[in-house]
Amino acid sequence: KIDSEDDLRAFFSAVSGKDYVMEEFIVGDIYTYDAICDQNGDPVFESSFRCVNVADSVNDDTEAIIFILPEVPGQLRDYGRKALKSFRVKSRFVHFEFFRLTEARKGLADVGEFIGLEVNMRPAGGFIPDMMNYSHSTDVYQIWADMVCFDRSYKKPGGPDRFCVYIGAKDRFTHTHSHEEILSRYGDRITMCQRMPDVFAAAMGNQMYMALLDTEDDVREFASFVLDEQAPLLL
């Protein structure tokens, strides 16, 4: 990341005589388009999650917040489906990432619009498949198996679509509310709770909490209760 003219001069000095790729810096939030598609490249399942500050959690050692949305935003769904066709994806679970701009970028997009970041021809990592199941009252593993065997999904949602939130708290911060207080207040909404191996802690926190919530206000309240203001809540 180049923040100044001095950084730029140092960069050119370091890469002199070498090949390199330079990308324009985009200011925005990361949203995903996750899908299981059939042999025609048509989605049989779609989902989306927002990464609030996952890059900062690694680069700046802050705490992580990720949440599955109850539904895929309209423009993002359109772009995701177009990407499936453009990359000729067939019979796969995919994970595409997009920026939703918080600052307009001339020639690219206005504030609130999406632009492409990367494509992954695989499911999202970590606990995301489990979070999709909770959020959409479904079973993505069964949907995947149905697609492989029958080129369609027979799995019907078993309940409402809600927000599923992952919070990775780090031991280096002192939090107002204890682990016991968090479980006491949100125990009936917490779907998963465990200590994380040290090798994953930089990105995912030392202690993870996963909760199923009804509204975005509930997401903010839960994140604030667990993390206080130790990590910026860019919600």
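User: Is helix α4 mostly enclosed or mostly open?
Analyst: Helix α4, residues 128-136, is largely enclosed by the rest of the structure, because seven of its nine residues are buried. Please keep in mind that this is a predicted model.

User: Which residues of α4 are buried?
Analyst: The buried residues of α4 are Ile128, Pro129, Met131, Met132, Asn133, Ser135 and His136.

User: And what does Ser137 do just after α4?
Analyst: Ser137 takes a positive phi of about 50° at that point. As background, most residues other than glycine have a negative phi.

User: Which residue in the loop between α3 and β5 has a positive phi?
Analyst: That residue is Arg88, which is found in the loop between α3 (74-86) and β5 (92-101). Its phi is about 55°, although Arg88 is not a glycine. With 71% relative accessibility, Arg88 counts as exposed.

User: What about the phi of Asp61?
Analyst: The phi of Asp61 is near 60°, again a positive value in a residue other than glycine. Asp61 lies in the loop between α2 and β4, and it is partly exposed, with a relative accessible area of 32%.

User: Which residue forms a salt bridge with Asp61?
Analyst: Lys170 does, and the closest N and O atoms of the pair are 3.0 Å apart. Lys170 lies in the loop between β7 (163-169) and α6, while Asp61 is in the loop between α2 and β4 (64-68), so the salt bridge ties together parts that are 109 residues apart in sequence.

User: Is Lys170 buried or exposed?
Analyst: Lys170 counts as buried, at 3% relative accessibility. Its partner Asp61, at 32%, counts as partly exposed.

User: How many salt bridges are there in total?
Analyst: The count comes to 15 salt bridges.

User: What is the partner of Arg220, and how far apart are the atoms?
Analyst: Arg220 forms a salt bridge with Asp217, and their closest N and O atoms are 2.9 Å apart. Both residues belong to helix α8 (residues 216-227); because they are three residues apart there, about one helical turn separates them. In general, residues three or four places apart in an α-helix point the same way, because the helix has 3.6 residues a turn. Arg220 counts as partly exposed at 31% relative accessibility, whereas Asp217 counts as exposed at 54%.

User: Which residues are joined into one network by salt bridges?
Analyst: Glu46, Arg77 and Arg81 are joined in this way, through salt bridges that share partners.

User: And which residue pairs with Arg189?
Analyst: Arg189 forms a salt bridge with Asp188, with 3.5 Å between the closest N and O atoms. Arg189 is partly exposed, with a relative accessible area of 31%, while Asp188 is exposed, with 69%.

User: Changing topic: how many disulfides are there?
Analyst: A search of the whole structure finds zero disulfides.

User: Why is there no bond for Cys149?
Analyst: The closest cysteine sulfur to that of Cys149 belongs to Cys37 and is 16 Å away, which is too far for a bond. A disulfide requires two cysteine sulfur atoms within 2.5 Å. The relative accessibility of Cys149 is 56%, so this residue counts as exposed.

User: And where is the nearest cysteine sulfur to Cys164?
Analyst: It is in Cys193, 13 Å away, and Cys164 is in no disulfide. Cys164 is buried, with a relative accessible area of 0%.

User: Which residues form the nonpolar patch on the surface?
Analyst: The patch consists of Ile2, Leu8, Phe12, Tyr20 and Met22, which together have about 450 Å² of accessible area. Leu8 is placed in helix α1 (residues 5-14) and is partly exposed, with a relative accessible area of 31%.

User: Where is Glu181, and what does it touch?
Analyst: Glu181 is found in helix α6 (residues 179-186). Leaving aside residues up to four places away in sequence, Glu181 touches Thr176 and Phe225. Glu181 counts as partly exposed, at 39% relative accessibility. Its C-alpha atom is separated by 28 Å from that of Gly159, a residue 22 places away along the chain.

User: Last one: what is the average pLDDT of the chain, and which element has the lowest mean?
Analyst: The chain averages a pLDDT of 93, and 96% of the residues score at least 70. Among the elements, helix α2 (residues 54-59) has the lowest mean, 71, and strand β9 (residues 207-213) has the highest, 98.

Methods: Residues numbered from 1 in each chain as written. Predicted model: local features only at pLDDT ≥ 70, side-chain atom pairs only at ≥ 80, totals over all residues. Heavy atoms only, no water. Buried < 20%, exposed > 50% of the residue type's maximum accessible area, 1.4 Å probe, protein only. pLDDT = per-residue confidence, 0-100. Helix = DSSP H or I, 4+ residues; strand = E, 2+ residues; numbered from the N terminus. Patch = residues over 30% accessible without salt bridge, like charges linked within 9 Å, V, L, I, M, F, W, Y side chains within 5 Å. Areas by Shrake-Rupley, 256 points an atom, 1.4 Å probe, with all protein chains shown as cover. Salt bridge = Lys/Arg side-chain N within 4 Å of Asp/Glu carboxyl O. Contact = heavy atoms within 4.5 Å.
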